[in-house]
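Here are a few exercises to work through with the model open beside you. Try each task before you read its solution.

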Protein chains: 2
Amino acid sequence: MPASAIRKLVPFADAAKAEGVKVYHLNVGAPDIKSPDCAFDAVVDKCKGLHHLSYTNSAGLIELREAMVEKYYKKVGIDISVGDLLIDVAGSEAFAVAMQIAAGPGEEIIVIEPFYTNYQTFAFLNGITLKAVHTDIESGFKVPAISEFEKILTPRTRAILISNPCNPSGKLFTRSEMLELGKFCREHDLFLISDEVYREFCYTDEPYFSAMNIPGCEQNVILVDSVSKRYNLCGARIGCIVSRNKDVMAAAMKFAQSRLCPPVLGQWAAMGALDTPWSYFDDVKAEYIRRRDCAVEMLNAIPGVFAPKPMGAFYTIARLPVDNAESFAKWMLTEFRVDHHTVMVTPATSFYRTPGIVNQVRIAYVLEVPQLRTAMDILAQGLAAYPGRR
Amino acid sequence: MPASAIRKLVPFADAAKAEGVKVYHLNVGAPDIKSPDCAFDAVVDKCKGLHHLSYTNSAGLIELREAMVEKYYKKVGIDISVGDLLIDVAGSEAFAVAMQIAAGPGEEIIVIEPFYTNYQTFAFLNGITLKAVHTDIESGFKVPAISEFEKILTPRTRAILISNPCNPSGKLFTRSEMLELGKFCREHDLFLISDEVYREFCYTDEPYFSAMNIPGCEQNVILVDSVSKRYNLCGARIGCIVSRNKDVMAAAMKFAQSRLCPPVLGQWAAMGALDTPWSYFDDVKAEYIRRRDCAVEMLNAIPGVFAPKPMGAFYTIARLPVDNAESFAKWMLTEFRVDHHTVMVTPATSFYRTPGIVNQVRIAYVLEVPQLRTAMDILAQGLAAYPGRR
């Protein structure tokens, strides 16, 4: 099993910090936005005078499932009933389970590259082969014609797996792209696994179009979701798997039973978070638009750098004028400092199945604008000084 | 994937409850003992005024890992360093990861039957074959001679997996049994995966002998542990995997990275729980001895029933005078009532690989003595009235 690309550089960052260097983390999607207080208030209320902390139903607390359906999914226009939803240990468990339900050892899942690397980890662990449809940085990662999907379809293909908005590219799928994918999945009897954990982070005026709302795809779609990014509760480890396909939910329940139950304290936080006023998301979105605009403008102002403007999530992929993005990222951590400061970025190579894409990085714009400016300045200076510049 | 044996009867229990019937749950290891307050106080302290809930290190909070080593493992005589321990999402994740580290698809792990059914679930999910050494209810589940292990050893055998004290049998392994198993694993280059989540629940005067203390087995032993039963924090979902084998810990870290981090609120509860005074365990143990003695005496007083006296955990296996324990368990839930009360037990068939063991049940003595007495009375009356009595 390959080591996580994102974590591979961590020892170099740790060593830099041990030397007293401040490292700006543009490498991980760990934002600094405040969580809604109601999430923590709910945990405090439940913990006060608590007798003991027992298991919940393997599918999660019924109160939480009901509240998610009523207070969240209805509001975002996803019409489901409680039986269509099961609480998982964050998005990580939800997509791992979705992949295992969709495909067995020796079978194939189509992903759109660049894609989230842990999809590859879980495919590897379960003997599933990922086949990738390429999307290009030059086009802003536009989804190609459906004929590209047909080219890699085999009798062993079981599903298409997308992340929308996409980690790592920030690509937001259009309604027509989603309808096309849905049609393809229906025609070829494939699951469409849609990882929508960044649903709140969309920067167009169009309403978000969930895979759950593709007409006629009720039996095909498996939704992967999480409270991690929505409320900045990454540490709660609460997500869910949603499907109107009863066989999928029955299988998801068997997986759920094998690990007994999802974390209960986190379930309480998720329950409390459902009382978050809707204005919270507007504020967060406005903040991310400021950060995105700052990051993308400053990146494109650096000679030789190109970054498309992402319409969702809080990442962008940037093409750098370097020989090798991993060597550059390591060099920044081990060699380059501006007044004892440096920057950490994630090389994008492992987000692609296509070999040879060695000059791209993923930038997470998760810092406040003043810090982001400083980080971008350091990145620009690093690129100017890097010995492997091309 | 087979449905969980323990959960298969749940719909019948739910239906009985919906009719207004009170069901005494002797079927699940969900005890009613009070958790130490310090666990919940720690969570409340951390949550007050919290800004947001971010990821921790994939291996868990370093403060928690250090405190576990110093405040817990040192005290119970297990001498490890922080690098030998990684926080997992409860014992469930820890043994699933341990099994996957030890064996790949097509390889074999030896278990001692009766065994915890979720071992079979994770073996199935990963293409691992479980081979079982039989232990007998008549002998109190005594571990047989090592020649029984040799008989089922093949070139594909990678590990022995035990639970000590054992769920479901309550068997506590003796020091000499552990030394024998260790010697066998060393000689045949096998991992010894030791699930010790019930370590605090031992009812002999002998000190507990952990697999971690088998001399010369440092590279073989993988310990699976959890705070769930120790502090009655089953819902926190915090456990750990422990090994002095550096390759094992490196592999465990890769698995840990793939699911990002363990639940943070639960990690705080576990951290707080480490301040539990040692007298807590003495009180809990005294309570369980009372419950065990009540359960085992009352079981053996029922005509045709035999239950050995367990020396650990909070389960016992009982042989019942019935045609089929699953039919009996279902009949109790659907047909039999004493003043609108009934009892739920777990059929033991799925704890065995050996076919045909159809007249045993697992009894969890997790109720207070007065309730346990009532439950045992109802069980006795049910057995007298059951049409499939043998």
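Helices and strands here are DSSP runs, a helix having at least four residues and a strand at least two, and they are numbered from the N terminus. Keep in mind that this is a predicted model.

**Exercise 1. Odd backbone angles in chain A**

Task: find where Asn232(A) and Leu260(A) sit, and decide whether each is buried or exposed.

Solution:
- Start with Asn232(A), in the loop between β7 (221–226) and β8 (239–242) of chain A. Its phi is near 55°, which is positive even though the residue isn't glycine.
- Now count neighbours. The cut-off for buried is 20 or more other C-beta atoms within 10 Å. Asn232(A) has 23, so it is buried.
- Move on to Leu260(A), in the loop between α9 (246–258) and α10 (264–273) of chain A. This residue is not a glycine either, and its phi is a positive value of about 70°.
- Leu260(A) has 24 other C-beta atoms within 10 Å, so it is buried.

**Exercise 2. Cis peptides in chain B**

Task: look at Pro114(B) and Pro168(B), and say which loops hold them.

Solution:
- Pro114(B) is in the loop between β3 and α6 of chain B. The bond joining Glu113(B) to Pro114(B) is cis, with omega about 0°.
- Pro168(B) belongs to the loop between β5 (157–163) and α8 (175–187) of chain B. Asn167(B) and Pro168(B) are also joined by a cis peptide bond, here with omega about 20°.

**Exercise 3. From β3 to β4**

Task: trace the chain from β3(B) to β4(B) and give the handedness of the crossover.

Solution:
- Check the pairing: β3 (residues 108–113) and β4 (residues 129–134) of chain B run parallel and are joined by six bridges.
- For one pair in detail, take Ile109(B), whose bridge partner in β4(B) is Leu130(B).
- Follow the path: the chain goes from β3(B) through α6(B) to β4(B), a β-α-β crossover that is right-handed.
- Now switch to chain A, where Leu130(A) lies in strand β4 (residues 129–134). With 19 C-beta neighbours inside 10 Å, Leu130(A) comes out as partly exposed.
- Beyond four places in sequence, the contacts of Leu130(A) are Ile109(A), Val111(A), Tyr119(A), Gln120(A), Ala123(A) and Arg353(A).

**Exercise 4. Two domains in chain A**

Task: split chain A into its domains and describe the side of domain 1 that touches domain 2.

Solution:
- The division gives domain 1 (5–34 + 279–385) and domain 2 (37–273). Their centres, taken over C-alpha atoms, are 26 Å apart.
- In the contact, 32 residues of domain 1 meet 26 residues of domain 2.
- On the domain 1 side, the elements giving two or more residues are α1 (5–8), α11 (279–301), β9 (315–319) and β12 (360–364) of chain A. The largest share, six residues, comes from α11(A).
- By class, this side divides into 20 nonpolar, six polar and six charged residues.

**Exercise 5. Where the chains meet**

Task: how many residues does each chain bring to the contact, and which elements of chain B take part?

Solution:
- Chain B brings 46 residues and chain A brings 45.
- On the chain B side, α3 (37–47), α5 (90–102), α6 (117–125), α9 (246–258) and α10 (264–273) each give two or more residues.
- That side has 23 nonpolar, 15 polar and eight charged residues.
- Finish with the largest nonpolar core, which has 254 residues; Met99(A), Ala269(A), Met99(B) and Ala269(B) have the most contacts inside it.
- Among the residues that Ala269(A) touches are Phe40(A), Val43(A) and, from chain B, Leu265(B).

Notes. Residues numbered from 1 in each chain as written. Chains lettered and ligands numbered in written order. Predicted model: local features only at pLDDT ≥ 70, side-chain atom pairs only at ≥ 80, totals over all residues. Contact = placed C-beta atoms within 7 Å. Nonpolar A, V, L, I, M, F, W, Y, C, P; charged D, E, K, R; others polar. Pairing = 2+ DSSP bridges. Right-handed = clockwise from strand over helix to strand, strands pointing away. Buried ≥ 20, exposed ≤ 12 C-beta atoms within 10 Å, placed from the backbone. Core = buried A, V, L, I, M, F, W, Y, C linked by C-beta atoms within 7 Å. Domains from an automatic or database assignment.
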